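Dear colleague,

I am passing on the structure we spoke about, and I would be glad if you could look through it with the notes underneath beside you.

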Amino acid sequence: MTRGTHGTGTRRTSRRTAGARRAAAAGLAALLLAGAGAAAAPAALAAGAPGGDGRGRLLSVVPVAARDRAEVVRELADQHIGTDPVRHGVRAYRLTYRTVDPYGGPTTATGLLTLPDGGGRRLALVSDTHGTMSDRAYAPSVAEAARAPSYLFAATGRAVAAPDYLGLGEGPGPHPYMDTRSAVTASVDMLRAARTAARGLGRTIDGDLYVSGFSQGGQVAMALGRAVQAGDAPGFRLKALAPVSGPYDLLGTQVPAMTDGRVNDISAVFYLSYFLVAQNRLHAIYRDPSEVFRQPYADRVEHLFDGRHEDEDIVRQLAPNVKELVTADFYRGLGHPTGGFAEALRANDGACAWKPGVPVRLYAGDGDTDVPIGNARACERTLAARGARVRLLDLGAVDHQGSGRGALAGVARWFGAGAR
């Protein structure tokens, strides 16, 4: 089961530790603002440059981390992530910006902007979208453990925009898990906010956009690339796509794999529960949880996915496998989804059903029992049938987290070489 990073293997922090880190971040913010001069003056950062509807308007910038090159190398190496692309130290900032909710109404979201400490003034931008997480306090803008991809990509000399998505980090409301549409709008608006923030920090984002993401974020990355190519992010030019271990094929691969053993029991229970609870807010899957979940899980499952429970807390309070989690009728229907469940799957499937005009590298591990490699193979076939330049890189017999660790340095090198 993913903890929302690129597979760092780092255990999540306790709430007490997270609180201490937030306090430390506040002190760091004061220190950085004092030392950065006009480049980080709040007045220079408060005004955004949104679209006509206000989306992407930058509301605030808070410095949250500063690492020199040696510290970046040490942190990545400790997490078994390749360090050869590292060239610079980094500085990271929490952005708060305007975006829209799944219904198109106005809301706010947060995300992490990471800049190289050094290098040129004009920077290409990497969008890095994170994997599944249940605890809002584990999102990149608030959790140090979720920042390894941002640090690596920024250390190569690029700016990095890592959206928390809706309802995670310091954004309001519940997280609409696996709602691809709102994940894309939050990611597009993070690009706009990142451009404004970088300008206030004395850097220029030149518009070249490289897109990556892990697990849930791999699917988001593919859909984001499609949106950018279609013109939904004016001023940004898609250059390359490199998603890692994404659930691109929900109906054909991911859902069937939850019952035939390709997805391990713990992760299958977690992912399916999260999907049903979150998607029920958008699609009429059930009126009462007991229509889908067995007792005693029906009475607790919605509370568990309230954004304040850690993954481990959740799985301890749910069934040991999918068959014991859901009702007999719902279990029989997993192979042939109907009603609101089928609607939710169809609405969030097909991330690869388009023709990118840029090269695509799909990374996946043959030993992955969270998001089976069949998802990437299906995506490769779909893209190739449309004439896309796509390559699947099989990372070997690694698990889900291992695929994230194993892919990162290669993605960074490929982006650094201009994705040639």
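The notes below deal with the aromatic rings and with the charges placed over them.

Please keep in mind throughout that this is a predicted model. The count of aromatic pairs comes to 11, and one of them is formed by Phe270 and Tyr271, whose ring centres are 6.0 Å apart and whose planes stand at 65 degrees to each other, an edge-to-face arrangement. Phe270 counts as buried, because its relative accessibility is 0%, and Tyr271 is likewise buried, at 5% relative accessibility.

Phe270 also pairs with Phe305, with 5.8 Å between the ring centres and 55 degrees between the planes, so this pair is classed as tilted. Since Phe270 belongs to helix 8 (residues 265-279), while Phe305 is found in the loop between helix 9 (301-304) and helix 10 (311-316), the contact ties together parts that lie 35 residues apart in sequence. Phe305 is buried too, with a relative accessible area of 5%.

These contacts belong to a wider arrangement, in which ring pairs join Tyr177, Phe270, Tyr271, Tyr274 and Phe305 into a cluster.

Two arginines are also worth a look when you have the model open. Arg158 places its charged end over the ring of Tyr210, at 4.9 Å from the ring centre, and Arg195 lies over the face of Phe236, where the distance to the ring centre is 4.3 Å.

With best wishes

Methods
Residues are numbered from 1 along each chain as its sequence is written. This is a predicted model: local features need pLDDT of at least 70, side-chain atom pairs count only at pLDDT 80 or more; totals for chains, interfaces and linings use all residues. Side-chain values use heavy atoms; hydrogens and water are left out. Rings of Phe, Tyr and Trp (its six-membered ring) pair if their centres lie within 6.5 Å; planes under 30 degrees apart count as stacked, over 60 as edge-to-face and the rest as tilted. Buried means under 20% relative accessible area, exposed over 50%, partly exposed in between (1.4 Å probe, protein chains only). Helices (H or I, at least four residues) and strands (E, at least two) are DSSP runs, numbered from the N terminus. A charge sits over a ring if NZ of Lys or CZ of Arg is within 6 Å of the ring centre and within 35 degrees of the ring normal.
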